[in-house]
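Open the model in your viewer and keep the sequence panel visible. The tour goes from one selection to the next.

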Amino acid sequence: KRVAILISGGGSNMVALARSMTRDHPARPCLVLANDPTAGGLTKAAEMGIPTAAVDHRPFGKDRAAFEAALTEAITPHAPDMLCLAGFMRVLTEGFVSQWQGRMLNIHPSLLPNYRGLHTHARAIEAGDAEAGCTVHEVTPALDDGPILGQARVPILPGDTPGDLAARVLEQEHLLYPAVLRRFAAGDRRPVFLPEPAG
Ligand code: GRF
């Protein structure tokens, strides 16, 4: 399976995914694409020998369809079998999603269905939750809403700032996403839950 990874920033999830696709893995990274030409993840991808591309969303203004046509133009030459959104911060239209439905994954830093959207860690702390975490799901037209393929849970500790919690969750993202991709690329749809049940 050829995997294109879409990023917007540092790409730490992209690095974790790329590193996980070793020779025994059913998938290979074929492209890292950013909506920001200055995204730090592009440099990391290039250092790993992965082809990169950038499609700056800003010149397209509100014309999401035109931006997505440019995305498709950048993606097509690399012939991916599936897409992984990894810290990708643009909302995709139903038109784009429908072309990739069933072959596009996303990681979201909350225990969906709780806390769709932004500022997930601050909201969980504010709500007094005991736990937080991250979710890998198939992308559907509704935001942060598709079938759940994996979740990782972490405790929220007294005194946690959103930054403290974000760091704790990010560590789990780097374990969860590769574990889900390995199963998904092999056609195994059993969900991954971390931490693994003891015993
Ligand atoms: C992080 O907030 C992560 O929780 C979310 O996207 C952001 C950046 O991730 N998935 P990355 O380091 O660019 O992968």
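Which backbone nitrogen lies 2.8 Å from a polar atom of the side chain of Ser8? Select Ser8 and look for the backbone nitrogen of Met89, which is the atom at that distance. Keep in mind that this is a predicted model.

**Stop 1: Ser8**

Ser8 sits in the loop that runs between strand 1 (2–7) and helix 1. With a relative accessible area of 13%, below the 20% cut-off, Ser8 counts as buried. Now add Asn35 to the selection: its side chain and that of Ser8 are joined by a polar contact of 2.5 Å. To see what else Ser8 touches, show Asp36, Ala39, Gly87 and Phe88, which are among its contacts.

**Stop 2: Gly11, Ser12 and Asn13**

Next select Gly11, Ser12 and Asn13. An unreviewed UniProt entry lists these residues under "binding site". In the model, Gly11, Ser12 and Asn13 are part of the lining of the largest pocket.

Take Ser12 by itself. Ser12 belongs to helix 1 (residues 12–20). Is Ser12 buried or partly exposed? Its relative accessible area is 29%, so Ser12 is partly exposed. Leaving aside residues up to four places away in sequence, Ser12 touches Leu170 and His174.

Move on to Asn13, also placed in helix 1. Asn13 is buried, because its relative accessible area is 6%, which is under 20%. Beyond its neighbours up to four places away in sequence, Asn13 touches Ala86, Ile107, Leu170, Glu173, His174 and Tyr177.

**Stop 3: helix 6**

Select residues 162–185, which make up helix 6. How far apart are the end C-alpha atoms of helix 6? They are 33 Å apart, and this agrees with the 34 Å that 24 residues should span at 1.5 Å a residue.

Now centre the view on Glu173. Helix 6 bends there by about 25°. Glu173 is also one of the residues that Asn13 touches.

Colour the buried residues of helix 6, including Leu165, Arg168, Val169, Gln172, Glu173, Leu176, Tyr177 and Val180. As you look along the helix, keep one rule in mind: an α-helix has 3.6 residues a turn, so residues three or four places apart point the same way. Further buried positions in helix 6 include Leu181, Phe184 and Ala185.

Finish at Gly187, just after helix 6, where phi is positive at about 80°.

Conventions:
Residues numbered from 1 in each chain as written. Predicted model: local features only at pLDDT ≥ 70, side-chain atom pairs only at ≥ 80, totals over all residues. Heavy atoms only, no water. Helix = DSSP H or I, 4+ residues; strand = E, 2+ residues; numbered from the N terminus. Expected span 1.5 Å × (residues − 1). Bend = angle between axes of the 7 residues up to and from the residue. Buried < 20%, exposed > 50% of the residue type's maximum accessible area, 1.4 Å probe, protein only. UniProt positions renumbered as here; feature names shortened; annotations may be inferred. 1 Å grid on protein atoms, 1.4 Å probe; cavity = no way out; pocket = protein on both sides within 12 Å on 5 of 7 lines; lining within 4 Å. Contact = heavy atoms within 4.5 Å. Polar contact = N/O pair within 3.5 Å; in protein donor to acceptor, adjacent residues only side chain to side chain.
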